[in-house]
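The following exercises concern the sequence and model shown below. Each task is followed by a solution that proceeds step by step.

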Amino acid sequence: MSILSEKYFWNEAAAYEFVEAQMWPKGPVCPHCGTCDNIRKLNGATTRIGTYKCYHCHRPFTVKIGTIFEASRLPMHVWLQSIYLIAQSDSLMPVRELEQALGISAKTAKVIAHRLHKAMLVSQPRKSGTKAGPKSCIPSAGRKPGQLEEAPPQRRLPAIRDFFSSMGAS
Ligand SMILES: [Zn+2]
């Protein structure tokens, strides 16, 4: 069975679940205030896939905020396909190849390639041994909405290669 037959490569809800599991291994974390213990998933008929609401700061969010997926209208499962393709290639994948493999426009392929190549540079191992990883969780007790204090939510790019290491594909 091809790895590309995994559900998250073609099903949008599954794609979100996959990315959420990578970014929030201990459950959703509000990117606005850092809270993790007063969050509910929104499931209305008109609600976009992957939308959560923080009942601490009363703002909605998705796992895309603060990542390379932010402000992109490209479906999450296409992002995952792109990540897979780029993570598999030893050198930087030409935009044209990405465009053809995914059946997307040249403009979209360019945006994806730019963001992913940049993210991969950022996710290289750092000297101090610190590792780009899942967002940490800050309990909301005693904090006011919008108050960031000494531990602001981390706006870090996901480690692209790490996404797939657990599947033995990197
Ligand atoms: Zn919040």
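**Exercise 1. Determine the order of secondary-structure elements along the chain.**

Step 1. Read along the sequence, the pattern is α-β-β-β-α-α-α-α. Helices (H or I, at least four residues) and strands (E, at least two) are DSSP runs, numbered from the N terminus.

Step 2. The protein accordingly has five helices and three strands.

Step 3. The model is predicted; local features need pLDDT of at least 70, side-chain atom pairs count only at pLDDT 80 or more, and totals for chains, interfaces and linings use all residues. Residues are numbered from 1 along each chain as its sequence is written.

**Exercise 2. Describe the sheet and its pairing.**

Step 1. Three strands form an open sheet in the order S1-S2-S3, with antiparallel pairing. Two strands pair if DSSP finds at least two bridges between them.

Step 2. The edge strands are S1 (39–41) and S3, each of which pairs on one side only.

Step 3. S1 and S2 run antiparallel and are joined by three bridges. Lys41 has Tyr52 in S2 as its bridge partner.

**Exercise 3. Identify the largest nonpolar core and the elements that supply it.**

Step 1. A nonpolar core is a set of buried Ala, Val, Leu, Ile, Met, Phe, Trp, Tyr and Cys residues joined through C-beta atoms within 7 Å. A residue is buried if 20 or more other C-beta atoms lie within 10 Å of its own, exposed if 12 or fewer, and partly exposed in between, with C-beta atoms placed from the backbone.

Step 2. The largest core has 21 residues, of which Ala15, Val19, Met76, Leu80, Ile83, Ala113 and Leu116 touch the most other members. Two or more residues come from each of helix H1 (12–23), helix H2 (76–88) and helix H4 (106–122). H2 gives the largest share, six residues.

Step 3. Met76 serves as an example: beyond its neighbours within four places in sequence, Met76 is in contact with Glu12, Ala15, Tyr16, Val19 and Phe69. Contact here requires that the C-beta atoms of two residues, placed from the backbone, lie within 7 Å.

Step 4. Another core, of seven residues, lies apart from the largest one; Val29, Cys33, Cys36 and Phe61 are among its members.

Step 5. For context, nonpolar side chains tend to be buried together in soluble globular proteins.

**Exercise 4. Compare the geometry and burial of H1 and H2.**

Step 1. H1 has 12 residues and reaches 17 Å from its first C-alpha to its last, close to the expected 16 Å. The expected span is 1.5 Å times one less than the number of residues in the helix.

Step 2. The buried residues of H1 are Ala15, Tyr16, Phe18, Val19 and Met23. These residues lie on the same side of H1 because they cover an arc of only 160° around the axis. The arc is that of the directions from the helix axis to the C-beta atoms. What covers the buried residues of H1 includes H2.

Step 3. H2 has 13 residues and reaches 18 Å, close to the 18 Å expected. Its buried residues include Trp79, Leu80 and Tyr84.

Step 4. Ala87 also lies in H2, but counts as partly exposed because it has 18 C-beta neighbours inside 10 Å. The C-alpha atoms of Ala87 and His117 are separated by 9.5 Å, although the two residues are 30 apart along the chain.

**Exercise 5. Which residues other than glycine have a positive phi near 60°, and are they buried or exposed?**

Step 1. His58 has a positive phi of about 60° and is found in the loop between S2 and strand S3 (60–61). His58 is exposed, because 12 other C-beta atoms lie within 10 Å.

Step 2. Ala71 has a positive phi near 60° as well, and lies in the loop between S3 and H2. Ala71 is exposed, because 7 other C-beta atoms lie within 10 Å.

Step 3. Ile68 is also in the loop between S3 and H2, yet counts as buried because it has 21 C-beta neighbours inside 10 Å.

**Exercise 6. Assess the confidence of the model.**

Step 1. The mean pLDDT of the protein is 77, and 68% of its residues reach 70 or more. The pLDDT is the predictor's confidence in each residue, from 0 to 100.

Step 2. Among the elements, helix H5 (residues 160–165) has the lowest mean pLDDT, 51, and strand S2 (residues 52–54) the highest, 97.

Step 3. The pLDDT is below 50 over residues 147–161, a stretch with 36 contacts in the model beyond near neighbours in sequence. Residues 164–170 also stay under 50, and have nine contacts beyond four places in sequence.

Step 4. Where pLDDT is low, the predicted coordinates should not be read in detail.
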